[in-house]
Amino acid sequence: MAVSADDLSAPLGQKSTRKRRFRLPFSGTQALATILALLLLGFGGVAIFNNNPMGGEPVARVAIKAPAATEDKAAAKPPVEVKHGTPETAKAPEAPGQKTITIIDGSSGARKDVVVSSEGSDSAAVDAPPPVMTGIDQKLLEKSRHGMVPIAIGALKPVTAYAAGSEAERARAMKMPSISIVIGGLGVGAAKTTDAIMKLPPAVTLGFTPYGSDPGKLVERARAQRHEVLLQLPMEPFDYPDNDPGPQTLLSSATAEQNLDRMMWHMSRFQGYVGVANFMGARFIATDTAMQPIAREASKRGLALFDDGSTPRSVAAAAAEGQGMPFARSDVAIDAVPTSADIDKALARLEGLAKERGVAVGVASALPISIERISAWAKTLESRGVMLVPLTTAMLKSKSS
């Protein structure tokens, strides 16, 4: 019998035990079969419990970019309602080439946000010049880089060519107390402008700002109704730019050349006016070095100058006198307090001044209450021995007195 090395090294009287080998309870073939069965069971569960009609079909995912909105649709925005009379009013969104400005009525203080063209405000690029209006004497026009502007040809001047009223009416006004009324801030807001044009007597003079969608058509309509027309030049107020009269505002800090170029822009917006007036501008109209070139240019072009009387520090009268040009300054702000009772009192005060001095001038805005009270007052004015006259007639009378 063969004896192993372990048997030889074992203690005497003891038998060695053999080491046991670890064996799996199943064979490799059984393990492989079990794995395959589990895989088939899992696949079957997915097919049964997942409600996918395309289950088992190949799937490809493709990113599809939605088509961009067209420019027209992108540009189409709901209209923005512009509320009047409140300083807290939010300004309308500005489109390219436009600027939102706050128009402030000089007498009532009412505010209104208006979108106007801002091109050319501080550069050579300006919007297309407006067309020449009907009923305008072509000899009294001169081409500028901004469009057609008024010019005097010898004794022929816009202040006389476009003056309202007849020679007979002017002669009668020289013999009786006379009142002239200027309604300012027109051109922005077609409805209120049309009311002023159609409801007020022809002898009332209308002041237009150079803004609005088409001030030329409104001016044509005013002249067709025999109203005299003024161009209101936006001028710098004391709180500029918090209160901004609009694009191309005349500034006391600008050079004379810059302000004259801006004046040309304003003068080219429409034609047929007898003179220019301030729109706001308490700081500008009180600055002699700023006002002198404006008065000189207006006089050279045969225009009158009107001061709305909003600041006692105005140097407009002295500037106009130095040029020997027609001039008038407002004596009474008719609707400074826009109530029926206060407007009637202001109109009565105008009558008293006219009877005392021979002529008086008042200013008002195109508030519905102002238009209503002035229209009613004017119907009985001559019965009280006072005549309502256009502004140029009041200027002529003031100069002769």
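What covers the buried residues of helix 11? Here are a few friendly notes on that helix and on one serine in helix 12; please keep in mind that the model is predicted.

1. To take the question directly: the cover over the buried residues of helix 11 includes strand 5 (178-186), strand 11 (332-333), strand 12 (359-365) and helix 12 (368-379).

2. The length of helix 11 checks out nicely. Its 18 residues, 340-357, should span 26 Å at 1.5 Å a residue, and the C-alpha atoms at its ends are 26 Å apart, so the two values agree.

3. Which residues of helix 11 are buried? They are Ile343, Ala346, Leu347, Leu350, Glu351 and Ala354. These residues cover an arc of only 145° around the axis, which means that they sit on the same side of helix 11. Do note that a glutamate, Glu351, is among the buried residues.

4. Turn to the other side of helix 11 and you will find Lys345 and Glu356, both exposed.

5. Just after helix 11 comes glycine 358, and its phi is positive, near 100°.

6. Now for helix 12, where serine 375 is located. Is serine 375 buried or exposed? With a relative accessible area of 13%, serine 375 falls under the 20% cut-off, so it counts as buried.

7. Serine 375 also has a polar partner worth a look: a polar atom of its side chain lies 3.0 Å from the backbone oxygen of lysine 199. Setting aside neighbours within four places in sequence, the contacts of serine 375 are with Lys199 and Leu200.

How values were computed
Residues are numbered from 1 along each chain as its sequence is written. This is a predicted model: local features need pLDDT of at least 70, side-chain atom pairs count only at pLDDT 80 or more; totals for chains, interfaces and linings use all residues. Side-chain values use heavy atoms; hydrogens and water are left out. Helices (H or I, at least four residues) and strands (E, at least two) are DSSP runs, numbered from the N terminus. The expected span of a helix is 1.5 Å times one less than its number of residues. Buried means under 20% relative accessible area, exposed over 50%, partly exposed in between (1.4 Å probe, protein chains only). The arc is that of the directions from the helix axis to the C-beta atoms. Contact means heavy atoms within 4.5 Å. A polar contact is a pair of N or O atoms within 3.5 Å; within protein, one must be able to donate a hydrogen and the other to accept it, and residues adjacent in sequence count only if both atoms are side-chain atoms.
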